[in-house]
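Got the viewer open? Here's a quick walk through the model, one selection at a time.

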Amino acid sequence: MRVLVVEDEKKVAAAVRRGMEAEGFAVDVALTGTDGKWFATQNEYDVIVLDIMLPGINGFKLCAQLRDLGIWTPILMLTAKDGDLDEAEALDTGADDFLRKPFSYVVLVARIRALLRRSSLGEVSLSYEVGDLTLDPNSRRCARAGQDIHLTAKEFAVLEFLMRRPGDVVGKLEILDNVWDFAFEGDPNIVEVYIGYLRKKIDEPFDRKSIETVRGAGYRLVPSRE
Ligand code: CA
């Protein structure tokens with residue numbers, strides 16, 4: 001899951017980034033409305049967290065401009081305390097939800113997950129099942145044949161991305177784009193490394209081969225039999 005945070009208060013932006021990365025989200029931060037617009041039009045995000053008072057373009061204007069450009073990514077707007085007017089205007093400009101500052105990080109993550117659930121329009125209930133492998137992003141649990149498997153945040157995110165499209169060939173770069181953030185400049189082979197970690201956890205102990213390598217194309221998650 002890839003999230004764009006547009007927030008000019010560096011401390012808030014950094015805290016949000018740290019927290020969300022710990023949950024396995026890939027996070028890009030823009031410190032001005034102008035940068036936010038650039039990011040939002042250059043990349044595909046699952047959610048945009050948007051502050052209102054921003055240098056460059058303010059949050060209301062940016063939200064309206066993105067909608068005008070046909071960008072329908074769910075937007076969670078950050079409003080000021082007692083900002084009832086802000087909230088009405090936020091929804092009016094096309095935001096999907098708002099959150100009052102100061103907010104607790106736990107509430108932010110819960111709201112983002114709720115937005116993702118709403119936007120995945122019938123794309124299952126945001127709990128995934130492929131064969132006897134299950135993944136529940138809300139409780140952060142993964143299990144095979146009912147047996148809990150502990151995954152790190154990044155492993156979880158890679159597997160979640162594969163589980164959203166079972167049976168499809170998913171490209172290495174696609175995984176990289178969705179799980180690692182824009183600033184990632186390391187070796188794209190990091191994806192292979194994580195696929196290796198996942199195989200050691202979700203396949204090998206159960207004598208399965210559910211993550212297939214499709215040469216030159218990527219990976220495919222299949223329901224693997226015992
Ligand atoms: Ca601000």
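Start by selecting tyrosine 128: across from it, in E7, stands leucine 135. Keep in mind as you click around that this is a predicted model.

Now widen the selection to the two strands. E6 and strand E7 (residues 133-136) are joined by three bridges and pair in the antiparallel sense. Add the rest of the sheet and you get four strands in the order E6-E7-E8-E9, an open sheet with antiparallel pairing. At its edges sit strand E6 (128-130) and strand E9 (147-149), each pairing on one side only. On average, neighbouring strands here are turned by 25° against each other, direction ignored.

Next, bring in the helices. Select residues 153-163 for helix H6, which lies across E6, E7 and strand E8 (141-144) and runs at about 110° to E7. Then pick residues 190-203: that's helix H8, lying across E7, E8 and E9, at about 60° to E8.

Now jump to the calcium ion. Which residues coordinate the calcium ion? Look for Asp8 (OD), Asp51 (OD) and Met53 (O), at 2.1 to 2.3 Å. Aspartate 8 is in the loop between strand E1 (2-6) and helix H1 (10-22), while methionine 53, 45 residues away, is in the loop between strand E3 (47-51) and helix H3 (59-68), so the pair links distant parts of the chain. Switch on a surface and compare them: aspartate 8 is partly exposed at 29% relative accessible area, whereas methionine 53 is exposed at 66%.

Last stop, the cysteines. Cysteine 63 is buried at 0% relative accessible area, and cysteine 142 is buried at 3%. Don't hunt for disulfides: the structure holds zero.

Technical notes
Residues are numbered from 1 along each chain as its sequence is written. This is a predicted model: local features need pLDDT of at least 70, side-chain atom pairs count only at pLDDT 80 or more; totals for chains, interfaces and linings use all residues. Side-chain values use heavy atoms; hydrogens and water are left out. Donors are N, O and S atoms within 2.8 Å of the metal (3.2 Å for Na, K and Ca); water is not among the atoms, so sites may look incomplete. Buried means under 20% relative accessible area, exposed over 50%, partly exposed in between (1.4 Å probe, protein chains only). A disulfide is a pair of cysteine sulfur atoms within 2.5 Å. Two strands pair if DSSP finds at least two bridges between them. Axes are lines fitted to C-alpha atoms, for helices over the stretch in contact, and angles run from 0 to 180 degrees between N-to-C directions. Contact means heavy atoms within 4.5 Å.
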